Amino acid sequence: MMMKQDIDWSEVRWEEVWQASKDTLTMLGASLLFTIILGLLIGVVLFLTSKRQLLEQPVVYAVLSLVVNVLRSVPFIILMILIMPVTKALTGTTLGVQGSIPPLVVAAAPFFARLVETSLREVDRGVIEAAQAMGASRWDIVRRVLLLEARPGLLAGITITAVTLVSYTAMSGVIGGGGLGDLALRYGYQRFQTSVMIVTVALLIILVQLLQMAGDHLVRRFSRK
Amino acid sequence: MLERPTSGSVKVGEVELTRLSTNQLQKERRRIGMIFQHFNLLSMATVRDNISFPLELAKLPRAEIKKRVDELLKLVGLEQHADKFPAQLSGGQKQRVGIARALANNPDVLLCDEATSALDPQTTNAILSLLLDINAKLGITILLITHEMHVIRSICDRVAVIDGGEIVEMGDVVEVFLKPQHAITKDFVSQIADSFDPRELINTRSGRLVKINYVGEITYEPLLFNAVKSTSVQFTILQGTVSRMKNTPYGQLVIEFIGADAEINKVFDELRGKGLEVGDLK
């Protein structure tokens, strides 16, 4: 009974919740898009330059792999602060929705790149060999064989990355990134408005659930095994 | 040629593959169709898309690709399965897709790398007769790599035996199979021939033991009977095989002749005169 009295639902400003939700979705959408493009590129290069692959280049692989590992080992909250100059140069601000997209991409792209690399490794070597035997160029093999055959794995990787990005967008609230995390921090934490905290957490849970369900559905649709 | 050899040469027709640049080699590979033990189909593409893959690589116009794929589907008997995915097909059907895909660009040579090793005997026979059919219809040279002797016996014309990376014996299948020279060939051939040990027969039989080999249409003529009928020589077949290799009939018999030596020799001369090979076992 005490709990119920403690939570004052009238504190929740629904227009702000609505705006914050839109901001979160915008950040998620934009950062996911750039993460996929960049991560796919890095992942494919990592795979191709690794041992016994089409473009075996030990030095390129080692350097790229190191960069990916470094970016992945820096906690997101610190990465955001570290790359502020870059963010400023790219978007003109380190605040708001715009200012949070570069750190989100820098944090998520290396993560996704590793997932891409792993899914490409799952592609049957025999199929690559068959494509070579049919006169496919390396580019043909990447485009028509690797990316096609790895599709279920790539879709699963995108789903995992999207969920990770949701939690990152919430964290970007700390440096004034906007969105649901920012709302939870400002009202829920700093003003002790538990109701706002509950609403934002509930919305984040729903968002993650929807993403996972959509991802699983796509993976199932494109699985042929 | 998927890997560059460290030494030696690889020639297909008049083209020396080892001297080609990567780009030229890519083009040249299109003239060589290849099928694999584990089929190596695109699991995410339908049968139709798998077969059109090499045609798309060759940048054929869309309409032409469709026409060619329909032809190929018909050739390998998979018209009803065009929109299925490889995981929905049996091993034999997957290999048919592999064959259709390998033939798409009208290659000069079809390389079969252990193409039937992963298939059950019935499916193997169906695939082999499809290969024979293709060989006859399209006039494509088929190069088959296998360790299954019956595969060679049923569809090949010529055979080369490779041991430790060296060709140790090469020739017409009938020739090599009936008179294997190298130890490894004898070992392989014994897989399908009744392996027999004449020593036991030599010790227990009192008549004259001979091994008779013959190849070709004479297999089906009553030569033995004709040779002995005017003499008092009798004979018993102790062991033997009469069969066919691809289209060539052949026989290998171990026979005991009983009678006077002079008469038996006369019988042998007559048999040799008809083209049979007669060799004493004692």
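So, a salt bridge here is a side-chain nitrogen of Lys or Arg within 4 Å of a carboxyl oxygen of Asp or Glu. With that rule, the structure holds 20 salt bridges over all chains. Keep in mind that this is a predicted model, so everything I show you today is computed from it.

Let me take one of those pairs to get us going. In chain B, B:Arg158 and B:Asp172 form a salt bridge, and their closest N and O atoms sit 3.5 Å apart. B:Arg158 belongs to strand S6 (residues 158-163) of chain B and B:Asp172 to strand S7 (residues 166-172) of chain B, so this pair ties together parts that are 14 residues apart in sequence. As for the general idea, side chains of opposite charge can pair when their charged atoms come close.

Okay, let's stay with chain B and look at its layout. The domain assignment splits it into domain 1 (11-188) and domain 2 (198-280). How far apart are the C-alpha centres of domain 1 of chain B and domain 2 of chain B? They lie 40 Å apart. The two do touch: twelve residues of domain 1 of chain B are in contact with nine residues of domain 2 of chain B. Between them they bury about 880 Å², with 62% of that on carbon and sulfur atoms. If you want names on the domain 1 side, look at B:Arg153, B:Val174 and B:Leu178. Those three lose the most area to domain 2 of chain B, and together they make up 65% of what that side buries.

Now the polar side of that same boundary. Between domain 1 of chain B and domain 2 of chain B, the count is two salt bridges. There are also three residue pairs in polar contact there, with both residues at pLDDT 80 or more. Which elements of chain B give two or more residues to the domain 1 side? Those are helix H5 (121-138), helix H6 (149-155) and helix H7 (173-178) of chain B. H7(B) gives the most to that side, with four residues. By type, the residues on the domain 1 side divide into seven nonpolar, two polar and three charged. And one more chain B pair for your list: the side chains of B:Lys246 and B:Asp157 meet in a salt bridge, at 2.8 Å from N to O.

Right, on to where the two chains meet. Here 20 residues of chain B are in contact with 22 residues of chain A. Chain B and chain A bury about 2000 Å² between them, 64% of it on carbon and sulfur atoms. On the chain B side, B:Met44, B:Phe53 and B:Leu57 lose the most area to chain A, and together that's 31% of what the side buries.

How many salt bridges does the rule find across the interface of chain B and chain A? Just the one. The side chains of A:Arg144 and B:Glu56 meet in a salt bridge, at 2.9 Å from N to O. The rule also finds five residue pairs in polar contact across this interface, again with both at pLDDT 80 or more. In chain B, helix H1 (22-29), strand S3 (32-36) and helix H2 (47-57) each supply at least two residues of the side that touches chain A. H2(B) has the largest share of that side, four residues. The chain B side divides into 13 nonpolar, three polar and four charged residues.

Last stop, chain A. What does its secondary structure look like? Eleven helices and zero strands. Its C-alpha trace spans about 70 × 40 × 25 Å along the principal axes.

And then the aromatics. The count comes to three aromatic pairs over all chains. One to find on your screen is in chain A: the rings of A:Phe76 and A:Tyr168 have their centres 4.4 Å apart and their planes at 5°, so the pair is stacked. This pair links distant parts of the chain, with A:Phe76 in helix H4 (residues 76-82) of chain A and A:Tyr168 in helix H9 (residues 151-171) of chain A, 92 residues apart.

That's my tour, happy to take questions.

Conventions
Residues are numbered from 1 along each chain as its sequence is written. Chains are lettered from A and ligands numbered from 1 in the order in which they are written. Side-chain values use heavy atoms; hydrogens and water are left out. Domain bounds come from an automatic or database domain assignment. Contact means heavy atoms within 4.5 Å. Buried area is the accessible area (1.4 Å probe) that two parts lose on being put together, summed over both. A polar contact is a pair of N or O atoms within 3.5 Å; within protein, one must be able to donate a hydrogen and the other to accept it, and residues adjacent in sequence count only if both atoms are side-chain atoms. Ala, Val, Leu, Ile, Met, Phe, Trp, Tyr, Cys and Pro count as nonpolar, Asp, Glu, Lys and Arg as charged, and the others, Gly among them, as polar. Rings of Phe, Tyr and Trp (its six-membered ring) pair if their centres lie within 6.5 Å; planes under 30 degrees apart count as stacked, over 60 as edge-to-face and the rest as tilted.
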